[in-house]
Amino acid sequence: MANGAEGFEKTVKIECLTRVEGEGGIYVRAEGGELRDVKLNIFEPPRFFEAFLRGRHFQEVPDIVARICGICPVAYQMSAVHALEAALGVRPGAEIRMLRRLLYCGEWIESHALHIYLLNAPDYLGYESAVALAADHPKEVERGLRLKKIGNELLDLLGGRATHPVSVCVGGFYKAPKRKDLEKLRDDLVWALDAAQETVSFVAGLKFPEFAPDYEFVSVAHPAEYPMNERRIISSSGLNIDPAEFEQVFLEEHVAHSTALHSVRADRGSSYFVGPLARLNLNFDKLLPRAQAAARSCGIAWPCHNPFMGIVARAVELVHACEEALALIDAYQEPARSRVDFRVQAGEGCAATEAPRGLLYHRYRINDQGLVEAAKIIPPTAQNMRRIEDDLRQFLPGFLAQPESEIARASENLVRCYDPCISCSTHFLKLKLDRGD
Amino acid sequence: MASRNGEKVRSGPPRLLVVGCGGALAGDDNVGLEIVHRLQARGDGGCEFLVLAGGGLDLLYAFEKSEIVLFVDAVQSGAPAGTVHLLPLPSPEVVPRGMGRVSSHGWGLVETLRLAHSLAIRVPRLMLLGVELGSVTPGAPRTPRVEAALEAVVECFPELQLALRDSESPLWSGHHSYETLSHGFARMDTEQELLTKKACTKG
């Protein structure tokens, strides 16, 4: 049978999807020139973190869940402490709230810079890797590396170390930073803010495929702030719920080809989209002034439905994170106490915060000894899995007559623009194209 | 020492960075991390320490601040468990996993060196101190021979540090294996003896 011949089957298998966090593969089957099946195969073994947490003291949870991901440990810590504080009835004060946003800014900066420059930009400029990109575009890659480093330094200062921070606890922080230490980061962040704006110009000038599905975008929303740690969950379809309603509205499903669960809307079984593009589309008016100006002047009409332009949304958020970090540092006053006192009591609580890759939901039930009886963690990549498969079904038909290498390239580029952290959702990808030859 | 652009010059001994690598929860694979932790706890001066938890990319930042980088890691070469290997990097004897193109989680030293080359970033002199592992069973304690090697490396580290700073040291000449550490670091009477042929087996 000839590859791609009408009436025949064709299978493409991507053995190793590259430049993503973690491990998985893609299977594509076409028949008679039409796409018949697409599977995002996640074969990484399940990691069982929710089971590890059962029986552990609630104050151990932030340190354990930080181990789920080396790129976005803060997100896991933030969702965990907010959910546990909801269970315990703890309300940290304004200073702690600001410090947590500052910590999240650090993670957004390092994670977004990594994805934009080292993982995603090579796709749009025709390079196989960041190493190849760096040979021809050293200025851009150096900018990305320095941005990442500045994000890491912020994490290091607030979190005790850049990877798997150790300062976050239920009730606040084990140790609050000194104002003079934060001020030392100010010059770097001023540079980073300019560099982030240059990043928006750089990525907005890239050439993107025409593709704009009808998505339901979902994100956290706050009445006065760009979403990070609170408060409600909204969608482009009019959803507006408390995080406590999350599991009634969104459903996790097992699928045979993936060790990561797929999330869908419980009522209609449809996929949805979380991440920077969703956040920006739903919260554009909450961007800080320079970020909003960068978004307005970059030549993209918002809301934007082209997932490939997620790299621009990510760059705008990079501006926002630098801008907000500077504002938070300028306003910072060392708290009298770095954490609040509270009484341990049995309870159940949940929270949704915005990881760099999108909404991250946690729920915990603890007993009167403060031990975890149940834990539920729904990472953004798992929520996007079904959406990515739906995108591949819509995007790939135009490529089926092309060589397998082109189908594989198109598939990988599309998956990568979601910045999937497969390790978080369970772990890199392989494409298998079945043409029935 | 010349900077990237060859403009700045600094005096004093070459700056040494000791980088602990490995998996904290995978049996003997944590030996590199533990060596660095113990050296840090002991307060050894004269060098910087780094625990490499965030992937090889972070090494680029470390390169800026060092003239010598010593990686301390568990290795698997088929030698008896606890054997200590000392060799300059890059070396054909160290086989990269080649995962950097695939996943940023697999971004390692080789990818970092290639990126440094692309960006014309100065790469310090690199040395690997590898401890042959016995077991990587998750959650298992270190095996006795690896534990003994760990303790000997920590005990003899000041002498090793001196030798590394000597660019004429035979340490920089190739692969040296210490089948048991008592034949190596523990027997030395002077820093020079560390490197004598009776203390090491050229591999």
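## Exercises on a predicted two-chain model

There is a kink of about 35° in α13(A), centred on R386(A), where the bend at a residue is the angle between axes fitted to the seven residues ending there and the seven starting there. The model is predicted, and local features need pLDDT of at least 70, side-chain atom pairs count only at pLDDT 80 or more, while totals for chains, interfaces and linings use all residues. Residues are numbered from 1 along each chain as its sequence is written, with chains lettered from A and ligands numbered from 1 in the order in which they are written.

**Exercise 1. Work out what span helix α13 of chain A should have, and whether α13(A) is enclosed or not.**

Solution. Helices are DSSP runs of H or I with at least four residues, and strands are runs of E with at least two, numbered from the N terminus. The expected span is 1.5 Å times one less than the number of residues, so the 16 residues of α13 (residues 380-395) should cover 22 Å, which agrees with the 22 Å between the end C-alpha atoms. For the second part, a residue is buried if 20 or more other C-beta atoms, placed from the backbone, lie within 10 Å of its own, exposed if 12 or fewer, and partly exposed in between. Because 13 of the 16 residues of α13(A) are buried, this helix is largely enclosed by the rest of the structure.

**Exercise 2. Find which helix gives the most to the side of domain 1 of chain A that touches domain 2 of chain A.**

Solution. Begin with the bounds, which come from an automatic or database domain assignment: domain 1 is 9-45 + 383-434 and domain 2 is 49-258 + 271-377. Their centres, taken over C-alpha atoms, are separated by 26 Å. The contact, which requires C-beta atoms placed from the backbone to lie within 7 Å, takes 24 residues from domain 1 and 24 residues from domain 2. On the domain 1 side, β3 (34-41), α13, α14 and α15 of chain A each supply at least two residues, and α13(A) gives the most, with nine residues.

**Exercise 3. Establish where the largest nonpolar core lies with respect to the two domains of chain A.**

Solution. A nonpolar core is a set of buried Ala, Val, Leu, Ile, Met, Phe, Trp, Tyr and Cys residues joined through C-beta atoms within 7 Å. The largest has 136 residues, and those with the most contacts inside it are L84(A), I109(A), A196(A), V316(A) and C322(A). Helix α4 (residues 94-125) of chain A contributes the largest share of this core, 15 residues. Domain 1 and domain 2 of chain A both give residues to the core, so it lies between them. Leaving aside neighbours within four places in sequence, L84(A) is in contact with F58(A), V61(A), V170(A), G349(A) and Y364(A). Apart from this core lies another, of 39 residues, among them V84(B), L150(B), A152(B) and C156(B).

**Exercise 4. Decide whether D419(A) and A120(B), which have positive phi values without being glycine, count as buried or exposed.**

Solution. D419(A), with phi near 50°, lies in the loop between α14 (404-416) and α15 (422-425) of chain A, and counts as buried because it has 29 C-beta neighbours inside 10 Å. A120(B), with phi of about 55°, is placed in the loop between α3 (109-118) and β5 (125-132) of chain B, and its 12 C-beta neighbours inside 10 Å make A120(B) count as exposed.

Key: Contact = placed C-beta atoms within 7 Å.
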